[in-house]
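Hi,

Here is the structure I said I would pass on. Have a look at it first, and then read on for what turned up.

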Amino acid sequence: MFDYATLRLIWWALLGVLLVGFAMFDGADLGAAMLHPFVAKKDVERRVVINAIGPVWEGNQVWFILGGGAIFAAWPPLYSASFSGFYLAMLLVLIGFILRPVAISFRSKKESPTWRAAWDWIFFVSGLLPALLFGVAFGNVLLGVPYHFGPGLRFTYEGDLIGLLRPFPLLCGVISICMLLTQGAAWIAGKSEGDVRARAGRIGALAALALVALFLAAGLWIAVGVEGYRIESAVDPAGPSNPFGKHVMRGVGDWLLNYARHPASALAPAAGLFGALVAAVALAAGAPRLALLASSLSAAGVVTTAGFSLFPFLLPSSSHPDQSLTVWDASSSQGTLGLMLAAAVFFLPVILAYTSWVYYVLRGPVTTTAIERGDGHYY
């Protein structure tokens with residue numbers, strides 16, 4: 001139905017949709033975990049926060065699984081390079097994901113305040129670790145990752161974990177934390193009442209304002225202090241995948257070239273800033289539904305800003321720029337992309353439908369009174 005060049009673009013866009021879905025849905029869970037010790041002071045309040053995400057966090061992780069699966073099937077060299085290069089960082093992310101359900105389940109096994117306080121902080125770490133590392137990973141992609149391919153496309157990563165912790169990626173990590181704190185605060189504010197809602201509103205408003213300031217700072221840094229990548233040779237969008245067939249140059253501010261070529265793409269950073277500002281006002285004013293919508297818009301804007309800036313690059317190589325992976329030279333075959341698209345056309349609406357149904361069934365706040373009575377709340 002679609003030619004090879006179009007299928008590659010469609011899967012680039014679908015990968016963006018999956019990352020945005022992850023930031024919006026699982027991002028709220030990660031943000032709630034980070035906020036847990038600060039918006040809930042008493043045990044019953046902390047149970048309110050846990051029960052606000054308890055029934056949905058497992059379903060929300062489908063976006064992370066789909067994203068990893070899409071990279072594996074649609075962009076095999078990207079999967080190999082990113083999961084090998086960021087191996088230890090990915091391991092820490094998985095540890096964070098493992099700690100979350102363990103903390104939620106084990107916290108209620110004993111009445112001891114010491115026991116519950118220890119699991120509360122483990123729950124906090126389970127949100128902070130993935131939020132920070134996802135941002136650091138995006139920052140390193142924008143700077144370029146030291147890798148090259150040998151004979152037979154054998155991948156070699158030339159860096160280490162400590163090398164990922166550079167100033168710009170760390171700034172991106174803090175941006176990611178602020179973005180997910182805002183999303184989590186909007187979710188908690190909508191699912192709680194009283195003091196928990198008030199604290200979530202105050203912290204979330206501050207996180208949203210910090211997101212605006214840091215997002216602007218990152219944009220300025222990219223404009224004047226970060227070398228972007230650009231392809232100088234001719235490219236055949238329908239040609240066979242071959243990361244050796246192009247010439248790449250670098251220059252400060254090159255990551256902004258796409259916004260000059262396609263002015264409509266500037267809507268992405270505008271949405272990131274506008275959504276965060278509206279979320280800050282809505283959280284401060286006690287309007288959690290508007291805050292959640294605005295925060296979701298901001299998350300979508302921040303994620304798509306990274307995608308539009310990088311396009312057509314998927315993973316630039318800082319040591320061998322000509323071997324950088326792009327949309328045109330790192331994809332699976334036309335048949336594989338077409339078969340995957342047919343599956344996505346069927347399953348993606350199913351996922352959206354059951355997710356909508358679950359959120360509809362579980363609508364309404366989790367109150368301290370209901371927690372104390374045990375009205376169907378498990379944790």
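To start with a cysteine: is Cys178 buried or exposed? Cys178 counts as buried, because its relative accessibility is 8%, and the cut-off for buried is under 20%. Keep in mind throughout that this is a predicted model.

While we are on cysteines, Cys172 also falls in the buried class, since its relative accessibility is 11%. You might wonder about a bond here, but the closest cysteine sulfur to that of Cys172 belongs to Cys178 and lies 12 Å off, too far for a bond. Cys178 is likewise in no disulfide, with the sulfur of Cys172 as its nearest cysteine sulfur. The disulfide count for the model comes out at zero.

Now for the inside. The largest nonpolar core has 102 residues, and Trp11 and Trp75 are the ones that touch the most other members. Helix 1 (residues 4–39) supplies the largest share of this core, with 17 residues. Trp75 is worth clicking on: beyond its neighbours within four places in sequence, its contacts include Trp11, along with Arg8, Trp12 and Leu15. Further along the chain, Trp75 also meets Leu314, Val327, Ala330, Ser331 and Ser332, among others.

The outside has something to show as well. Tyr87, Leu88, Leu91, Leu92 and Ile95 together make a nonpolar surface patch of about 440 Å². Of these, Tyr87 sits in helix 6 (residues 87–107). Tyr87 counts as exposed because its relative accessibility is 54%, where the cut-off is over 50%.

Cheers

Key: Residues numbered from 1 in each chain as written. Predicted model: local features only at pLDDT ≥ 70, side-chain atom pairs only at ≥ 80, totals over all residues. Heavy atoms only, no water. Patch = residues over 30% accessible without salt bridge, like charges linked within 9 Å, V, L, I, M, F, W, Y side chains within 5 Å. Areas by Shrake-Rupley, 256 points an atom, 1.4 Å probe, with all protein chains shown as cover. Salt bridge = Lys/Arg side-chain N within 4 Å of Asp/Glu carboxyl O. Helix = DSSP H or I, 4+ residues; strand = E, 2+ residues; numbered from the N terminus. Buried < 20%, exposed > 50% of the residue type's maximum accessible area, 1.4 Å probe, protein only. Core = buried A, V, L, I, M, F, W, Y, C linked by side-chain atoms within 4.5 Å. Contact = heavy atoms within 4.5 Å. Disulfide = S-S within 2.5 Å.
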